[in-house]
Amino acid sequence: MEGRESNFEELLADFKERVENAKYIAVDCELTGTGLLGQPDSYEDEVKDRLAKLCDIAERHVPTQIGFTIAKDNGIGGIIFHTYNVLAFPGPDRSSFECQTDCMQFLRRHRVDLNLWVDEGIRYLCRETAEGTLYRIGEPVPREAGLLMLWQAVIEARRPLVFHGPLDLLFLLSAFERRRLPRDPKELGELVQRTFRNVYDTALLHLAVPGLQAKPQKLEELMRSAEAIWNQENMQGRAANVKIELEDRTNFLYGSSLRGHGSDSQAHEAGFDSLLTAVLFAYLWALAGSPGLKKWSSRLFLFRSSDCLDLEEAARGGNPAKCAFAEMGGTVLVATLMTEDAQQHATDIITRAGQDRYFYRKMDDIRLLVFVRGATDEEAVQGAKELAQKLHGIHWQGLDQWRSEVRSRKKLADGGVPRPEMPDLQQQLQMAGASQALQGYPVMLPGVFAGAIPVPTPGMPPPGHPSVPVAASAAASAAAVSAAA
């Protein structure tokens, strides 16, 4: 259903009726800005700094469209989806906002009518208005609050909220709950817990399915990949049944595009993207199961980061930074591509080595984040050793080692005193004695493995040689040294 100022009453009544007894609600936003000038995301960012930047983005810009898809049981063992594409325009409590030229051009390329947005966008007030009036959750919201009334229905439904990337959540919180978002992770975690039953970010959640871990994170491609894997797994009895059904209006608007018919995709319309998110979540649930997904609840994906933001842990006062790969089993390495040949061929070699064993994320022009799978320490050690033998001109580091170096460089740049650095992998090789195994930097995922970089005996390859293995634990370290000697 299309929502605009002229049909808001009909939209609101329809939405309130359908949201009752929903399984979950998926949302998506199209935005006037998605970044900050001169502040690109980097793997070197700390989680707290990334959170502050995301909050800045959400506060400076506004959503142009908000998509809502309500997922409900259809009564015959399937899920029926009801989708709303809503034009949203700031109300009188917001006199200005920023627009990025590339984002506005992006909106026009994807057929967003900006004139219609200004003329017919449904106005809304934040729960905390400029006059200081506070409309609390559970209290009646006046008609002049506009789209906040529909948002109130979302909140009162107490259903899981699903989205693809943290900006959707933060934009909605800034638009409807608190114009100035909390930068303190604990305070933000508490706000999310008060507002929602739980939240799921499919940009991170797909890591729960091994076959999707190496896939691009673009929403439509990810949904198609999840559908294909589900079809294969379901035929072999390894995935739960899930039957996708669209209610009539949703099928009329989006059915053809969802099924991949025709060449004119509706991707990047908020309503269609919320539907893609809802369907992706259904496939992920069927593939990973309820216990498999619930441990990813309340964690937010961070672009160009090896961490995610754990809102549940933050609300308890704990560390909000959680390794994004911590639930997967394996080891994370940083590969610095030291030669032109390595820069040209490393990604192809990793891909050909098999996504069932390895996958990578590009950190920058000369660095890769490489994940080596392994159900046991021995498997991870052997996998790392075999990959290193295929790649030449690579400087290998454990993820924690690389992070330690980054923090020390930043501290030095800020005029502080860097903490003493332990030698890197190459230096450890030079320092090794005949039978030493230096307990150096952990390279395995926190909570999964707790080991260190092994140091080989004399006769091992010289520093920088690609065949240097990475160990998963003290016992595995010794085994790796013996195997490589």
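Lys-53 touches Leu-36, Gln-39, Pro-40, Asp-41 and Asp-45, when residues up to four places away in sequence are not counted. In this predicted model, Lys-53 has its place in helix H2, which covers residues 47–60. With a relative accessible area of 9%, Lys-53 is buried, because a residue counts as buried when that value is under 20%. One of the residues that Lys-53 touches deserves a second look, since the side chain of Lys-53 makes a polar contact with the side chain of Asp-41, at 2.6 Å.

Another charged residue to follow is Arg-373, which is found in strand S14, residues 367–373. Arg-373 is buried as well, with a relative accessible area of 18%, and the residues it touches, again without those up to four places away in sequence, include Pro-210, Gln-213, Gly-329, Gly-330, Glu-379 and Ala-380. Also among them is the run Gln-355, Asp-356, Arg-357, Tyr-358 and Phe-359. Here the side chain of Arg-373 reaches the backbone oxygen of Gln-355 at 3.0 Å, while Arg-373 and Phe-359, which are 14 residues apart in sequence, lie 8.6 Å apart in space, taken from C-alpha to C-alpha.

From single residues we can turn to a whole helix, H3, which consists of residues 101–109 and has Cys-103, Met-104 and Leu-107 as its buried residues. These three cover an arc of only 100° around the axis, which puts them on the same side of H3. What do the buried residues of H3 pack against? Their partners are strand S2 (24–31), strand S3 (63–73) and helix H4 (114–120). On the face of H3 that is turned away from this buried side, the exposed residues are Thr-101 and Arg-109. Just after the helix, Arg-111 takes a positive phi of about 70°.

Two other helices show how such elements can lie against each other. Two packed helices are described by the angle between their axes and by the distance between the axes. For helix H1 (residues 8–19) and helix H5 (residues 148–157), the angle is about 5° and the axes are 10 Å apart. H1 and H5 are therefore roughly parallel to each other, because angles under 35 degrees count as roughly parallel. On the side of H1, the contact is made by Phe-8, Leu-11, Leu-12, Phe-15, Lys-16 and Val-19, and H5 contributes Met-149, Leu-150, Ala-153, Val-154 and Ala-157. Sorted by class, this contact of H1 with H5 has ten nonpolar residues, no polar residues and one charged residue.

The backbone also has details worth following. Most residues other than glycine have a negative phi. Ser-298, however, has a positive phi of about 65° although it is not a glycine; it lies in the loop between helix H11 (270–294) and strand S9 (299–300), and at 10% relative accessibility Ser-298 counts as buried. Arg-304, which is likewise not a glycine, has a positive phi near 50°. Arg-304 is found in the loop between S9 and strand S10 (307–310), and with a relative accessible area of 30% it is partly exposed.

Finally, these parts can be placed within the whole protein, which has 17 helices and 15 strands. Of its 485 residues, 55% count as buried. Among the contacts in the protein with a separation of 6 or more, 70% are accounted for by residues 24 or more positions apart.

Notes: Residues numbered from 1 in each chain as written. Predicted model: local features only at pLDDT ≥ 70, side-chain atom pairs only at ≥ 80, totals over all residues. Heavy atoms only, no water. Buried < 20%, exposed > 50% of the residue type's maximum accessible area, 1.4 Å probe, protein only. Helix = DSSP H or I, 4+ residues; strand = E, 2+ residues; numbered from the N terminus. Arc of directions from axis to C-beta. Contact = heavy atoms within 4.5 Å. Axes fitted to C-alpha atoms, helices over the stretch in contact; angles between N-to-C directions. Parallel < 35°, antiparallel > 145°, perpendicular 65-115°, else oblique. Nonpolar A, V, L, I, M, F, W, Y, C, P; charged D, E, K, R; others polar. Polar contact = N/O pair within 3.5 Å; in protein donor to acceptor, adjacent residues only side chain to side chain.
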